[in-house]
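Work through the exercises below with the coordinates open. Each task is followed by a solution in steps.

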Amino acid sequence: MDFFTRHRNPAVLVLALFLQVVGLAVQVKQPTDRGPVRLVRLWGISLMVPLERAVVQAESWVHQGWSDYFYLRNVRRENRRLQEQNLRLRLELVRLTQDAGQAQRLQALFRFKEQFISDTVAAQVIGTSGSENSRLLYIDKGSSDGLKPDMAVITPEGIVGKVIRVFPASSQVLEINDQASGVGALLEKARLQGILKGAPGGGIMVHYIMSDERVERGEPVVTSGGDRIFPKGLLIGWVQRVDPGPEMFLNIRVKPAASLDRVEEVLVITRIDERQPEMIPEMPLRAADILAERLPSVPVKPPAPATSPAGKPAAAPGGAATSAAAGVSGSPVSGTPEPTPGNRPAGPPVPKKAGTP
Amino acid sequence: MQLSVTSSEEIQVYRLGLVVTIGVPLLAIFLQAYVPVYLPFFAILDLPLLVTIFFAVARRGPVSGLLTGGIIGIVQDSLTRQPLGLYGIAKTVVGYLASSLGVKLDVENPGSRVLMTFLFYLLHQLLYQLVARGLAQEVLAWRWGHMLIGGVVNAVVAVPLYALLDRAKRRG
């Protein structure tokens, strides 16, 4: 007792460290990543998440109020730019839909099963782990929104990570650049499969690609679907650097497509369907139809009398123009003749990079 | 830079109000988790460590220092994916040593605060790495350059932060 009184402070230190080491040892022996969440962790998260949600919400209101009601400079110019972009994208869509149709017909012929993202939930990032050794994000959607562990988290630019823990109104997302993360990856051109892992400094690397393979800088890296979390074909990033690695493998550093350090909004894939693609019919819409929408239209004239006094069909002055306008505008006007190989305009060889028509 | 040894009679022990004792560590952990969403480089700071050092030095009680460090560390651990106790153990030791140091040295002037924070930051990182590798079997890389930069940044930020927190101190 006398010893304890004299060395009270070091004794308390040893006791505190001993308790924490024992606690740590118990956790390491029984990893609980998939099991119930420890109470201390739950308290910590319950303490921080409401604060983070409140701040994010307040910030969102202020931002919306400012950008929707006050800061409307350049809106007209932006609108014009978006209209032009919309036209370009629609032309691109025509070309891509035809390519997709062809691919799907081939897939259907080979009875190939494809994965489709059929449901997503949009979520806002409300916090991080605050530690450089643990690349985690907290999002404002949880089990009450249908989220479950092991769901993929993406942005339109590329993949971000996967859900590892779910709470009623928030979830923990493990980013792909965490060292504990692992994603099935495919080098798109070389068709080589590897495993994508986080590097110590926050980068991402593809592992297990043999050193005698040829991998080029800038090559896209996509998900392989092998991990059963991310559907196949989502963009991860681009090869940034290739070095000879340990043993017989290459060290392939990848530049992530999504800006992992600055993710503010994400999509959580809540359902992936696996089905055989259906044969899609020929595209009813042609690039020429889209381009024709920009032409000045000719007003439709009232119908002329059916016959002339001489009994011949009336040569309505506007008739030819009207039918031409109806033809190019693409509106389903009854009576417009079906295009034949003779009268059909040279259709969809759409310019690859459609500029201003 | 001046580090002066003072007798225990000269040492002034401070008290911190309940709101400050609970609110400041919580705010530090909140900022540590929230700000990097918008400013990624903010993650190099360890605000909870700076608060641990400040509280330990101000109170000058080793037991209260180690308990403050331990609790702040475990709350910080709860937000990570790693086992609970990595930050807890590192901050317990730092809290204990900082309060022991506060009893023996004058740590009120900015020069000694910079040096003290720099050294405690390095010690904290070292302990974290040792515990993470040795006990939790985590695979972490030694990034000496990053660690030194982190030490300098934290030491520089500590001076205005401690000056701000000094206003909350009351003589015990």
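## Exercise 1: a helix of chain B

In α5(B), the buried residues are B:Arg113, B:Met116, B:Thr117, B:Phe120, B:Tyr121, B:His124, B:Gln125, B:Tyr128, B:Val131 and B:Ala132. A residue is buried if 20 or more other C-beta atoms lie within 10 Å of its own, exposed if 12 or fewer, and partly exposed in between, with C-beta atoms placed from the backbone. The model is predicted: local features need pLDDT of at least 70 and side-chain atom pairs pLDDT 80 or more, while totals for chains, interfaces and linings use all residues. Residues are numbered from 1 along each chain as its sequence is written, and chains are lettered from A in the order in which they are written.

Task: find what the buried residues of α5(B) pack against, and check the span of the helix.

Step 1. The buried residues of α5(B) pack against α2 (47-59), α4 and α6 (144-166) of chain B. Helices are DSSP runs of H or I with at least four residues, strands runs of E with at least two, numbered from the N terminus.

Step 2. Helix α5 of chain B covers residues 110-134, which is 25 residues. The expected span is 1.5 Å times one less than the number of residues, so 36 Å is expected here. The end C-alpha atoms are 35 Å apart, which agrees.

## Exercise 2: the contact between the chains

Task: describe the side of chain B that touches chain A by element and by class.

Step 1. Contacts link 36 residues of chain B with 42 residues of chain A; two residues are in contact if their C-beta atoms, placed from the backbone, lie within 7 Å.

Step 2. On the chain B side, α1 (18-34), α3 (62-78) and α4 (86-104) each supply at least two residues. The largest share, 8 residues, comes from α3(B).

Step 3. By class, this side has 24 nonpolar, 10 polar and 2 charged residues. Ala, Val, Leu, Ile, Met, Phe, Trp, Tyr, Cys and Pro count as nonpolar, Asp, Glu, Lys and Arg as charged, and the others, Gly among them, as polar.

## Exercise 3: positive phi in chain A

Task: locate A:Asp150 and A:Arg228, and state whether A:Asp150 is buried or exposed.

Step 1. A:Asp150 has phi near 75°, positive although the residue is not glycine. A:Asp150 lies in the loop between β2 (136-139) and β3 (152-154) of chain A. With 12 other C-beta atoms within 10 Å, A:Asp150 is exposed.

Step 2. A:Arg228 has phi near 65°, again a positive value in a residue other than glycine. Its loop runs between β9 (220-223) and β10 (235-244) of chain A. A:Arg228 is exposed, with 9 other C-beta atoms within 10 Å.
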